[in-house]
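Visitor: Hi, I've just opened this one and I'm new to it. Could you walk me through it?
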Amino acid sequence: PRRSSAVSRRAVLVTPFLAAAGSLLLQQSQSLAEEITPPSPPVTSPPPKVVVEDALVSARIYDATAIGEPLAVGKDKSKVWEKLMNARIVYLGEAEQVPIRDDKELELEIVKNLENRCAVNQRPLALALEAFPSDLQNQLDQFMAKRIDGEGLKSFVSHWSAQRWQEYEPILNYCRDSEVRLVACGTPLKILRTVQAEGIRGLSKAERKAYAPPAGSGFISGFSSISRRSTMENHFPTQSIPFGPSSYLSAQARVVDEYNMSQIILKEVSDGGATSLLVVVTGANHVQFGSRGTGVPARISKKIQKKNQVAILLNPERQYIRREGDVPVADFLWYSAARPCSRNCFDRAEIARVMNAAGRQREALPQDLQKGLDLGLVSPEVLQNFFDLEQYPLISELTHRFQGFRERLLADPKFLHRLAIEEAISITTTLLAQYERRKENFFEELDYVITDTARGIVVDFFTVWLPAPTISFLSNADGADNMDAIKGLLGSIPDNAFQKNLAGKDWNISHRLASVLVGGLKLASVGFISSIGAVASSNILYAVRKIFNPELVSNQQVKRSPILKTALVYGGFLGTSANLRYQIIAGIVEHRISDEFSSQIFLVNMLSFFVRTINSYWGTQQWVDLARFSGLQTRKNEQPSYLTSDSPNPAALECGAAEEANIDEFKNQ
């Protein structure tokens with residue numbers, strides 16, 4: 001009889017998995033049958049048109065020509081690429097005072113995308129780099145022809161730091177492998193240093209003719225009146241000119257640099273033909289739009305119309321509001337996905353379309369969503385998820401009344417599925433373990449069963465709740481008092497170590513390790529408090545039993561466990577073992593792997609059920625071993641039946657398996 005009951009228990013566990021496997025096999029057989037079906041006769045059609053899909057440029061783009069605040073471009077960036085492809089010159093303005101590594105990554109992604117499009121349209125593409133002085137053009141040509149390697153080219157820029165070469169090396173290698181012509185458009189260092197030290201007068205006659213703009217060409221307007229501020233300086237009042245913000249010699253050096261760069265760019269555009277495209281990588285100060293006669297685009301506009309030039313600022317520190325009649329600082333502001341975003345992160349036009357399609361008004365949304373919309377922090381996808389969740393009455397009530405549920409459901413619409421699976425496993429396995437333990441005394445000790453089951457429900461709720469990914473907008477919207485500072489600190493780390501980066505977030509290894517530590521402290525607190533609460537509840541129940549049924553209590557032998565030691569050990573167990581296991585489940589299994597199969601709901605739910613069942617079994621074994629090792633639970637000559645290999649579940653939850661360790665136990669004499 002014992003063996004038959006064990007077999008039946010195995011059958012109960014195996015049946016759901018067999019059903020799931022049968023369903024999957026049925027789906028595969030149906031798809032295979034569709035594949036075997038003879039195809040219809042082929043229809044002759046013209047060859048498909050070659051279409052270049054947008055490269056995965058993980059960046060945020062803003063239209064800086066819009067009146068008012070720069071306008072965030074939505075997911076459809078086709079108009080941006082169309083404008084770039086219609087131009088003859090594309091400027092990429094990078095930070096000069098504090099170089100940013102992300103700039104180089106953006107430059108490489110943009111060049112790759114443009115090269116793919118130019119290949120389809122059979123347009124020659126060239127890349128001009130201010131970092132290379134024009135007297136190194138021969139060395140760049142040798143590098144392109146593979147007559148010298150990277151180390152050979154590096155020897156000609158020995159004044160560079162090792163980090164700077166590492167930043168430029170990927171884009172240089174890509175251009176050589178893709179046959180994108182490299183152009184050195186910087187001013188020779190000797191000329192630049194002479195002008196910085198002595199001004200134009202320090203140059204020889206031949207050097208002045210080669211590198212300085214001729215008289216009457218607008219050269220004087222660039223530096224003769226330092227007190228007269230240009231349009232560019234009005235946009236950036238704190239921006240300093242390289243080598244000294246108020247230096248007359250520095251202003252001359254800048255004008256010479258821009259004039260020399262403009263002459264090289266014009267020559268390259270002319271030599272490249274009518275269909276060529278030139279990408280220029282230079283400092284942001286040189287390509288910001290300003291008054292005519294200053295800046296590279298303004299100088300080149302005398303020969304090439306402004307509509308054929310596009311200026312992009314990479315990762316600018318500030319965004320300025322453009323008023324009517326003001327000259328825009330650039331055409332586009334281009335941010336890498338890793339750069340923090342505190343406002344205006346998403347396309348407001350797309351947000352308005354989602355709101356109109358749902359027939360909702362801003363005032364009807366929760367306060368945190370309203371603040372997020374005002375700051376531009378709510379993506380159209382998140383807003384659409386919120387409206388989809390409102391279709392279910394219970395979920396709609398939870399999302400509107402409880403901010404915690406709202407934050408988790410917006411990040412993971414299947415959060416309630418995960419919670420229901422975990423709680424179902426918890427209740428079922430805990431009751432089975434209790435029945436196996438108490439046998440004929442199950443109903444007589446029903447109050448203790450309810451106490452233990454309730455504790456398991458609470459603990460499992462928090463093991464799912466705490467590591468679940470969230471999307472919150474209040475940390476960016478509220479003021480900065482003490483509580484907000486703590487919220488901001490906790491909001492700067494992911495909810496679990498394996499969570500995907502959100503828009504404007506760049507979680508590195510330090511943030512993810514901090515997530516493990518913080519999550520462990522939270523779960524340890526839950527374990528400590530719940531353990532003390534369970535012992536306190538059992539003591540109360542014991543006192544009540546003693547009052548109403550003194551004969552039953554007198555016939556029972558009481559075995560007590562140390563309350564504080566039990567709480568500390570159980571809290572430490574949840575903060576270490578349970579924390580790591582649930583971080584992996586929430587971050588990898590249910591956040592990354594499940595997202596790849598989001599359309600197959602049944603498969604995702606079965607995967608979650610299977611992994612959580614194994615996790616409960618494994619966690620129970622770990623807790624039993626820890627309880628025995630710490631002396632909370634003594635070994636017995638015969639192992640309880642619910643912990644044998646024939647048992648359908650090993651007491652399932654960590655809290656349920658801790659019966660002998662952290663609850664006043666009663667054994668019938």
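Guide: Sure, let's go through the sheet, one helix on it, some aromatic rings and a couple of single residues. Keep in mind that this is a predicted model.

Visitor: Okay, the sheet. How many strands form it, and in what order?
Guide: Eight strands, in the order 2-1-8-7-3-6-4-5. The sheet is open, and its pairing is mixed.

Visitor: Which are the edge strands?
Guide: Strand 2 (71-72) and strand 5 (181-186), each of which pairs on one side only.

Visitor: And how do strand 7 and strand 8 run, parallel or antiparallel?
Guide: Parallel: residues 309-314 and residues 332-336 are joined by three bridges. As one example of partners, Leu313 is bridged to Leu333 in strand 8.

Visitor: What holds strands together in general?
Guide: Backbone hydrogen bonds, in either a parallel or an antiparallel arrangement.

Visitor: You mentioned a helix on the sheet. Which strands does helix 4 touch?
Guide: Helix 4, residues 137-144, packs on the sheet and touches strand 4 (125-133) and strand 5. The directions of helix 4 and strand 5 make an angle of about 165°.

Visitor: Which residues of helix 4 are buried?
Guide: Gln137, Gln139, Leu140 and Phe143. Looking down the axis of helix 4, you'd find these buried residues within an arc of 160°, so they line one face of the helix.

Visitor: What do they pack against?
Guide: The buried residues of helix 4 pack against strand 4, strand 5, helix 5 (150-154) and helix 6 (162-178). Just after helix 4 there's also Lys146, which has a positive phi of about 65°.

Visitor: Switching to rings: how many aromatic pairs are there in the whole structure?
Guide: A search finds 12. One of them is Trp160 with Trp165, a tilted pair at 6.3 Å centre to centre, with 45° between the planes. Trp160 and Trp165 are both buried.

Visitor: What about Phe405 and Trp465, why is that pair called edge-to-face?
Guide: Their planes are at 75°, so the pair counts as edge-to-face, with ring centres 5.0 Å apart. Anything over 60 degrees gets that name.

Visitor: Where do those two sit in the chain?
Guide: Phe405 is in helix 17 (residues 403-411) and Trp465 is in helix 19 (residues 446-465), so to speak two distant parts of the chain, 60 residues apart. Phe405 and Trp465 are both buried.

Visitor: Which residues form the aromatic cluster with them?
Guide: Phe402, Phe415, Phe461 and Phe462 form one cluster together with Phe405 and Trp465. Trp465 has a charge over its ring as well: the charged end of Arg408 sits 3.9 Å from the ring centre.

Visitor: Staying in helix 19, is Thr463 buried or exposed?
Guide: Thr463, which is in helix 19, has a relative accessible area of 3%, so it counts as buried. The cut-off for that is under 20%.

Visitor: What does Thr463 touch?
Guide: Leaving out residues up to four places away in sequence, Thr463 touches Glu422, Leu523 and Tyr582.

Visitor: One last spot: where is Val296, and is it buried or exposed?
Guide: Val296 is in helix 12 (residues 296-300), and at 1% relative accessibility Val296 is buried.

Visitor: And which residues does Val296 touch?
Guide: Tyr91, Glu258, Met261, Ile265 and His286, again not counting residues up to four places away in sequence. Val296 is also 9.4 Å from Asp257, C-alpha to C-alpha, with their positions 39 residues apart in sequence counted as the separation.

Note on methods. Residues numbered from 1 in each chain as written. Predicted model: local features only at pLDDT ≥ 70, side-chain atom pairs only at ≥ 80, totals over all residues. Heavy atoms only, no water. Pairing = 2+ DSSP bridges. Helix = DSSP H or I, 4+ residues; strand = E, 2+ residues; numbered from the N terminus. Contact = heavy atoms within 4.5 Å. Axes fitted to C-alpha atoms, helices over the stretch in contact; angles between N-to-C directions. Phe/Tyr/Trp six-rings, centres within 6.5 Å; stacked < 30°, edge-to-face > 60°. Buried < 20%, exposed > 50% of the residue type's maximum accessible area, 1.4 Å probe, protein only. Lys NZ or Arg CZ within 6 Å of the ring centre and 35° of its normal. Arc of directions from axis to C-beta.
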